[in-house]
Amino acid sequence: MIRVGQGWDSHRIIAGRPLILGGIEVPSEFGLEGHSDADVVSHAITDAIIGAIAAGDIGMHFPDTDARWKGAGSLRFLRHACDLAAEAGYEVGNVDSTIILERPKLKDFRLAIRESLAATIGIPVDRVSVKFKTAEKVGPVGEGRSAESQAVVCLVRSSSRS
Ligand code: C5P
Ligand code: MG
């Protein structure tokens with residue numbers, strides 16, 4: 001009656017783009033490179049939901065060669081993944097995610113990001129967790145060259161299907 005999914009994503013840091021995390025623009029001197037808005041945590045959660053229903057992966061549903069998705073807000077991908085889960089008979093129970101980024105400090109934006117993700121998914125904010133970590137100056141994330149995100153979701157059978 002439950003399904004678990006896991007997602008991971010990474011984007012290169014570049015100057016001149018906004019830093020969008022969970023649909024929220026966080027004040028920053030740099031943003032993330034990507035075909036879409038490069039919202040790394042929305043991509044990780046989207047992949048976790050798609051994974052939980054064994055429906056492929058985010059690139060299969062939103063190919064970066066498809067002009068339709070160029071510059072697309074990634075909350076659209078997340079919403080679409082929730083719709084795919086609903087078609088398969090599942091709804092999102094809870095989400096736990098981590099954003100790994102050396103700077104800026106993100107904790108003041110935690111509630112805004114959680115509220116944005118929860119509203120997109122259509123569940124209460126107390127079922128959406130967003131954690132932040134540095135990489136302790138080690139590796140591409142620690143050297144400030146990229147950002148990563150990981151997510152785990154639990155899907156539960158839709159009440160209308162039970
Ligand atoms: O990576 P580290 O364990 O040093 O992170 C300590 C805390 O700093 C985290 O638990 C998180 O609350 C916060 N943090 C943050 N923004 C980041 C990285 C970490 O707010 N970009
Ligand atoms: Mg991505």
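In this predicted model, ligand 1 sits among Leu101, Pro104, Lys105, Leu106, Lys107, Arg110, Phe132, Lys133, Thr134 and Glu136. Sorted by class, that shell breaks down into five charged residues, four nonpolar ones and one polar one. The polar contacts to the ligand listed here go to the backbone. A nitrogen atom of ligand 1 lies 3.0 Å from a polar backbone atom of Pro104, and a nitrogen atom of the ligand is also found 2.9 Å from a polar backbone atom of Leu106. On the oxygen side, an oxygen atom of ligand 1 comes to 2.7 Å from a polar backbone atom of Thr134. As for coverage, ligand 1 has 460 Å² of accessible area on its own, and the protein covers 74% of it.

Next come the charged pairs. Side chains of opposite charge can pair when their charged atoms come close, and a search of the whole structure turns up five salt bridges. One of them joins the side chains of Arg103 and Glu29, with an N to O distance of 3.3 Å. This pair ties together distant parts of the chain, 74 residues apart: Arg103 belongs to the loop between strand S5 (90-100) and helix H4 (110-121), while Glu29 belongs to the loop between strand S3 (24-26) and strand S4 (30-32). Arg103 has a relative accessible area of 46%, so it counts as partly exposed. Glu29, at 65%, is exposed.

Another salt bridge pairs the side chains of Lys131 and Asp96, at 2.8 Å from N to O. Here too the pair links distant parts of the chain, with Lys131 in strand S6 (residues 128-133) and Asp96 in strand S5, 35 residues apart. Both partners are partly exposed: Lys131 has a relative accessible area of 35%, and Asp96 comes in at 30% relative accessibility.

The salt bridge between the side chains of Arg79 and Asp83 (2.7 Å, N to O) is a local affair. The two residues sit about one helical turn from each other, because they are four residues apart in helix H3 (residues 75-87). In terms of accessibility, Arg79 is partly exposed at 31%, and Asp83 is likewise partly exposed at 32%.

Ser74 gives a rather different picture from these charged residues: it counts as buried, with a relative accessibility of 0%. Its place in the chain is the loop between helix H2 (58-61) and H3. The side chain of Ser74 is not without a polar partner, though, since it makes a polar contact with the side chain of His43 at 2.7 Å.

Back on the outside, there is a nonpolar patch to note. Met1, Ile2, Val4 and Val152 make up this patch on the surface, and together they have about 430 Å² of accessible area. Val4, one of its members, is part of strand S1 (residues 2-15). With a relative accessible area of 57%, Val4 is over the 50% cut-off and so counts as exposed.

How values were computed
Residues numbered from 1 in each chain as written. Chains lettered and ligands numbered in written order. Predicted model: local features only at pLDDT ≥ 70, side-chain atom pairs only at ≥ 80, totals over all residues. Heavy atoms only, no water. Near = heavy atom within 4 Å. Polar contact = N/O pair within 3.5 Å; in protein donor to acceptor, adjacent residues only side chain to side chain. Areas by Shrake-Rupley, 256 points an atom, 1.4 Å probe, with all protein chains shown as cover. Nonpolar A, V, L, I, M, F, W, Y, C, P; charged D, E, K, R; others polar. Patch = residues over 30% accessible without salt bridge, like charges linked within 9 Å, V, L, I, M, F, W, Y side chains within 5 Å. Salt bridge = Lys/Arg side-chain N within 4 Å of Asp/Glu carboxyl O. Buried < 20%, exposed > 50% of the residue type's maximum accessible area, 1.4 Å probe, protein only.
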